[in-house]
Amino acid sequence: MRNCHIRFAMPNSKWFLEQISAHEGSFYSLEEIIFNKKSSFQNIEIIRSGAFGKCLILDGKMQSSESDEFIYHEAIIHPAMVCHNHPERVCIAGGGEGATAREILKYSSVKEIILLDIDEDVIASCKKHLPEWHQGAFDDRRVKIYYEDARTFIERSSDFDIIIIDLPEPMENGSALMLYTKEFYSSVFNALTKDGIAVTQAAATAPHNLMTFTAIVNTLSMVFPIVRPYTVNIPSFFTPWGFVLASKREDPATLSSQQIDKKIFDIQKTLRFYDSEAHKHMFSLPKYLRSAITNQNTVITDNQPLSFYQF
Ligand code: SPD
């Protein structure tokens, strides 16, 4: 680092730095590099950090950490699962850690999960090194893994009750850039049943860094009749994190606490983050975010994709 004025009081001299933008980054103390491989698609690292335990890093970007992956994965899965009346067929684009599948498998209505990850090396390394995440989900007979481009697969699919888009943020030259566009969301819409629901992770929502989030909300609004953005605090991401639920019929914002708690009654002991209180908190957005969403008119398209990281 040139012209560095940072002084570290801590004895640890090894750090992993995730660059967030030209002006900011997140430091994680680096205790161990557990796995590191350049696959055909991306650089895969599994590290152990002092604060967050094991972390999956793809192309230098944090995906999830041992200490708080339950917040991320419960947040991306349960609002959609409780909103749908009877989810049987679920598709996951990404989700290579296996923890999205783990959460979906908790529902007895689920008959089939199609997990789409283009990178076999991600699944193999997560399966081996992150058992706390997948907890055997990859071996459940209801889970079918396809090592394919999620967009191509979804374009020729139909009849999913729920589609979960659990991908890295869109990055220039990154594997997920074209999975945040209006054209892709139209394929997602068409691949869903008449009361289908889609959820995507949707990047940071800090006041200085919310272009991607609000553009995703606006783009989904071009395709789905009901679009509900929500946020959650994930400590290892160092900023409030956004998700968007897009639905053809059911609205998560109108679910009562009683309806939510009834839906999760049988699985509540397995949940550490999600319940009706957390649900209401997530869908209740601060004023600056509501205004930014209202004022956003960017539509992300194949011709003009949007990159979260601008260095
Ligand atoms: N499972 C994909 C989640 C991607 C989250 N990226 C977080 C970046 C934090 N700086």
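**Exercise 1. Classify H84 and describe its surroundings in this predicted model.**

*Solution.* H84 has a relative accessible area of 4% and is therefore buried. The cut-off for this class is under 20% relative accessible area. As for its place in the fold, H84 belongs to the loop between α1 and β6. The next step is to list its contacts: with neighbours within four places in sequence left aside, H84 is in contact with D161, I162, D195, I197 and K263. Finally, the side chain of H84 reaches the backbone nitrogen of H86 at 3.0 Å.

**Exercise 2. Determine whether H78 is buried or exposed, and name its contacts.**

*Solution.* Start with the element: H78 is part of helix α1. Its relative accessibility is 0%, so H78 counts as buried. Neighbours within four places in sequence being set aside, the residues in contact with H78 are E103, K106, Y107, I267, L271 and Y274.

**Exercise 3. Establish how the buried residues of helix α9 are arranged around its axis, and what covers them.**

*Solution.* Step one is to identify the residues. Helix α9 spans residues 276–283, and its buried residues are S276, A278, H279, M282 and F283. Step two is to view the helix down its axis: the buried residues fall within an arc of 160 degrees, so they line one face of α9. A general rule helps in reading such a pattern: an α-helix has 3.6 residues a turn, so residues three or four places apart point the same way.

Step three concerns the other side. The exposed residues E277 and H281 are carried on the face of α9 turned away from its buried side. Step four asks what packs over the buried residues; the cover includes α1 (69–83), β11 (226–234), β12 (239–247) and α8 (257–263). Step five turns to the N-terminal end of α9, which is capped by D275: a side-chain oxygen of D275 lies 3.1 Å from the backbone nitrogen of E277.

**Exercise 4. State how many residues of helix α7 are buried, and identify the elements that cover them.**

*Solution.* Helix α7 comprises residues 211–221 and is mostly covered, with nine of its 11 residues buried. By name, the buried residues of α7 are T212, F213, T214, A215, I216, V217, N218, T219 and L220. Their cover includes the helices α6 (182–190) and α10 (287–295), together with the strands β10 (192–204), β11 and β12.

**Exercise 5. Locate Q296 and describe its contacts.**

*Solution.* Q296 lies in the segment after α10. With a relative accessible area of 11%, Q296 is buried. Residues up to four places away in sequence are not counted in the next step: Q296 touches M211, T214, A215 and N218. Of these, T214, A215 and N218 are also among the buried residues of α7. The side chain of Q296 makes a polar contact with the side chain of T298, at 2.8 Å. As a distance across the chain, the C-alpha atoms of Q296 and A51 are separated by 36 Å, the two residues being 245 apart in sequence.

**Exercise 6. Describe the backbone and accessibility of Q135 and F238, two residues with positive phi.**

*Solution.* Take Q135 first. Q135 is not a glycine, yet its phi is positive, at about 45 degrees. Q135 is found in the loop between α4 (131–134) and β8 (143–146). Its relative accessibility of 58% means that Q135 counts as exposed.

Now take F238. This residue, likewise not a glycine, has a positive phi of about 60 degrees. F238 is found in the loop between β11 and β12. With a relative accessible area of 46%, F238 is partly exposed.

**Exercise 7. Describe the largest pocket and the largest cavity by volume and lining.**

*Solution.* For the largest pocket, the space amounts to about 270 Å³. Its lining has 14 residues, of which Y107, S108, S109, K263 and D266 lie nearest its centre. By class, the lining of this pocket has five nonpolar, five polar and four charged residues.

For cavities, the count is two of 30 Å³ or more. The largest cavity holds about 290 Å³ of space. It is lined by 29 residues, with G94, D117, D166, L167 and P168 nearest its centre. The strands β4 (53–58), β5 (61–65) and β6 (89–94) each supply at least two residues of that lining. The lining of the largest cavity divides into 15 nonpolar, seven polar and seven charged residues.

Definitions and conventions. Residues are numbered from 1 along each chain as its sequence is written. This is a predicted model: local features need pLDDT of at least 70, side-chain atom pairs count only at pLDDT 80 or more; totals for chains, interfaces and linings use all residues. Side-chain values use heavy atoms; hydrogens and water are left out. Buried means under 20% relative accessible area, exposed over 50%, partly exposed in between (1.4 Å probe, protein chains only). Helices (H or I, at least four residues) and strands (E, at least two) are DSSP runs, numbered from the N terminus. The arc is that of the directions from the helix axis to the C-beta atoms. Contact means heavy atoms within 4.5 Å. A polar contact is a pair of N or O atoms within 3.5 Å; within protein, one must be able to donate a hydrogen and the other to accept it, and residues adjacent in sequence count only if both atoms are side-chain atoms. On a 1 Å grid over the protein atoms alone, a cavity is a set of points where a 1.4 Å probe fits but cannot get out, and a pocket is an open set with protein on both sides within 12 Å along at least five of seven lines; lining residues have an atom within 4 Å of a point. Grid points are joined across faces, edges and corners, and a volume is the space filled by probe spheres set on the points. Ala, Val, Leu, Ile, Met, Phe, Trp, Tyr, Cys and Pro count as nonpolar, Asp, Glu, Lys and Arg as charged, and the others, Gly among them, as polar.
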